[in-house]
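Q: Got a minute to go through a model with me? I'd like to start with how the chains meet and then look at a strand.

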Amino acid sequence: MRRAGEVLLVLLAAALVLVVAWTVPWLRFVLTIALAKGLAVLGILLLLRAGQVSFGHALYLAFAAYAIAFGAARVPETLLLLPLAAIGAALLGLLVGLFVVRYREIFFGMLNLALSMVFYSLLEKFYSITHGTDGIRLPPTTFAGQVLDPETQGWAMLCLALLLSILFAVLVRIYLASPIGQALAGIKTREARLEFMGISGRRVLLSAYVLSTLMAGCGGAVLAMTTRHVTPALSYWTASGELVFIAILGGSGSVAGPFLGAVAYELTRVYAAALVADAWQMVLGAVLLLVILFAPGGLWGMGRALVGRRRQA
Amino acid sequence: MTSENPGNPAGRAAGLITRRATLGAAMAGSLLLPGRQTQAQAAKPAEIKVGIATYLSGPASVFGVPGRQAAEMLFDEINEAGGIGGVRVRPIFVDEGPGVDHFVGEYRRLVQSEGVHLLFAAISSADCLACTPLADELKRPTLLWDCGTQRIFEDNRFEYSFRTQANATPEILSALLYLLRAKPDFRSIAVVNQDYAWGRDSWEIFRTGMQALKPGVRIAAELFPRFGATDYSTEITRLLALRPDVVLSTTWGGDLDAFIRQSSDRRLFERSTFVLPLAESSLERVGKALPAGHIIGARGDHWFLHPNPRDQALLARFTDNFRKRFNAYPIYPCHHMAQAVFAMKAGYEKAMAAKNGGWPTDAELAGAFRGLEFPSLTSSVRIREDGQGLENQIIGTSHHTDKYPFPVMTDMVVFPAEMVTTPVGQKSTDWLKTLKPDIVQGLPQPVAYRP
């Protein structure tokens, strides 16, 4: 019964996204970006379950985005580039993960941040290859060999982002319910106990780390193919901070939190920018402050509390 | 469900929320209204909406905010004079500060939700590179009002994007030519540029040109301090030790202010001649910390004391009005904004004349910009067949006078645009290599500052 309810909720949310994108054409782009960021934030949520915060996940997002940018010049096929870029990001994640999972808390966060800033500098300094901060413009990509007109391409990207979001949300749910996912929570409470049970905390964290980088890679790929222009700013530390911001905004209680947070974040940003071009940062900051002060569980927690109260009444 | 009884506090709260929600929905609704589609048949609109992308936050707001101020003033002036073809104009500003992906979203919003008729974009080269294909996709005329990169029209062809100003190549080449004439026997040069695309690109242009026009100059140092750096002591120490004849820096904004002040404190200006192609925008802030005798430029022929403007009254009126309203001298982004506004007006008028007074469609308006010649505050600009604007360049030498609390230009040379702009269909780096040293003999005569 509960499961049926959840499936219904997911389908409703997906339908809502599509309806909004259909009635308000310019929001289609914003929603695609939001879902792409939501994917990366889902990875942050996974690490949050283990009590670790990564301030450097924009590295994987940017890596995949640049992989797409370079790949699209050779084989402009979405369905080929996307998995390649995501797997590339996951491999990089595995390599980096082998080192960073030895550290916890602030050291984990700072090491991730440092590595993402190294990547930022590489993108900026290898000027003849990456065009520095001007970035690279992507040629249009085909979809299963079909050349789509811009309108259909926009829809295709939104549907792709939606599908990936649902797929990974389900995957992360299953993962979190599995023994290894439970062990993740064990890292947060007391890692020593986990080790006494014969489970390696590092391996558990590594698996979550690689999964999170895979999702960040997917997010980066969708982002690059939607904006069709990549710049090193994608891997700057503020971009990583933004992901953590969204995770807090959405709440880490559920896999729906990141997507809820990402959509709320992007919509707040565009509406704030439209209403007060001068002071939109202040609006965004005020929203985050309010969420931290009055809804520590994020938007998802807020929604749950509302539903719970109504049930009680 | 809560009861509908108005006496019930929960019910009242629910009523409040509903009212608030309705209010919110109404506000959001006003933003959600779908924008107008690309016109096939054009009707005269109630007003001409112009989306303007500029920096309202971040370091580049030193250009973005004066640009916005100039736009506000000029749009008011157009409306006071009865608008364009009897239609009022309204600017809608968006902030480029958050980066390219946000800007691309904003561009779509302006076109698809606000239904703007025309866009002025942008200061950032990355934003210009990202929005030019989008302009073709959404079929909305876009004027590139301030960005510097020469890549846009050299790498691609666009139907809906036009540049109402020059690009990095003429801006940097004219500074090089000026240096070659003012100080023909310099033997070594050092560069201190910000470490990002513009800093790298501009040095590439300068070096390529220098190697063609004066081979054998020793490059003493290539320093690229971090973008947004506040401390230049290591760079200055090295330059003091290396003693290059010339120091080039295309740095701008707060970075340039800091570099000038610190170089001045440590007397670096006494040892080397500085070439600062963007210094005009910093003059009022640094004041006389910038000594006399150094080469300064303004990204075009933008100078409130231009030696021979096309319309002296226009320039003087603009400068006075701007100073009265915003308490600062107009710097080059103000001139660039004025060029975009004048181009818009001239473009509409040309398109309407071609239609015997009928209102032009988006495509007809875009078509009018190709080959358009429109006035600037100091001379005139012509948009070439590839969409690139031909804009003259002014370079001068800093000069101290009691009349102004900051340095002014003397020995000003106004370079004709055709002389310093890459011809249609050629890439800047290739063209610069073909330059011959005798180009320096053909330069216009410098004009001294007249008090």
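Q: So how many residues does each chain put into the contact?
A: This is a predicted model, to start with. In it, chain A brings 29 residues to the contact and chain B brings 29 residues.

Q: Which elements of chain A give two or more residues to the side that touches chain B?
A: Those are α2 (25-49), α10 (201-227), α12 (256-275) and α13 (280-294) of chain A.

Q: And which one gives the most?
A: α2(A) does, with 5 residues on the side of chain A that touches chain B.

Q: What's that side like by class?
A: The side of chain A that touches chain B has 17 nonpolar residues, along with 8 polar and 4 charged ones.

Q: OK, switching to chain B. Why is strand β6 of chain B largely enclosed by the rest of the structure?
A: Because 4 of its 5 residues, in the stretch 188-192, are buried.

Q: Which strands is β6(B) joined to?
A: One is β7 (residues 218-223) of chain B, through 5 bridges, and the two run parallel. Another is β8 (residues 246-248) of chain B, joined to β6(B) by 3 bridges, also parallel.

Q: What stands opposite B:Ile189 in those two?
A: In β7(B) B:Ile219 stands opposite B:Ile189, and in β8(B) the residue opposite B:Ile189 is B:Val246.

Q: Back to β7(B): what does the chain go through to get there from β6(B), and is the crossover right-handed or left-handed?
A: The path goes through helix α7 (residues 197-213) of chain B, and that β-α-β crossover is right-handed.

How values were computed
Residues numbered from 1 in each chain as written. Chains lettered and ligands numbered in written order. Predicted model: local features only at pLDDT ≥ 70, side-chain atom pairs only at ≥ 80, totals over all residues. Contact = placed C-beta atoms within 7 Å. Nonpolar A, V, L, I, M, F, W, Y, C, P; charged D, E, K, R; others polar. Buried ≥ 20, exposed ≤ 12 C-beta atoms within 10 Å, placed from the backbone. Pairing = 2+ DSSP bridges. Right-handed = clockwise from strand over helix to strand, strands pointing away.
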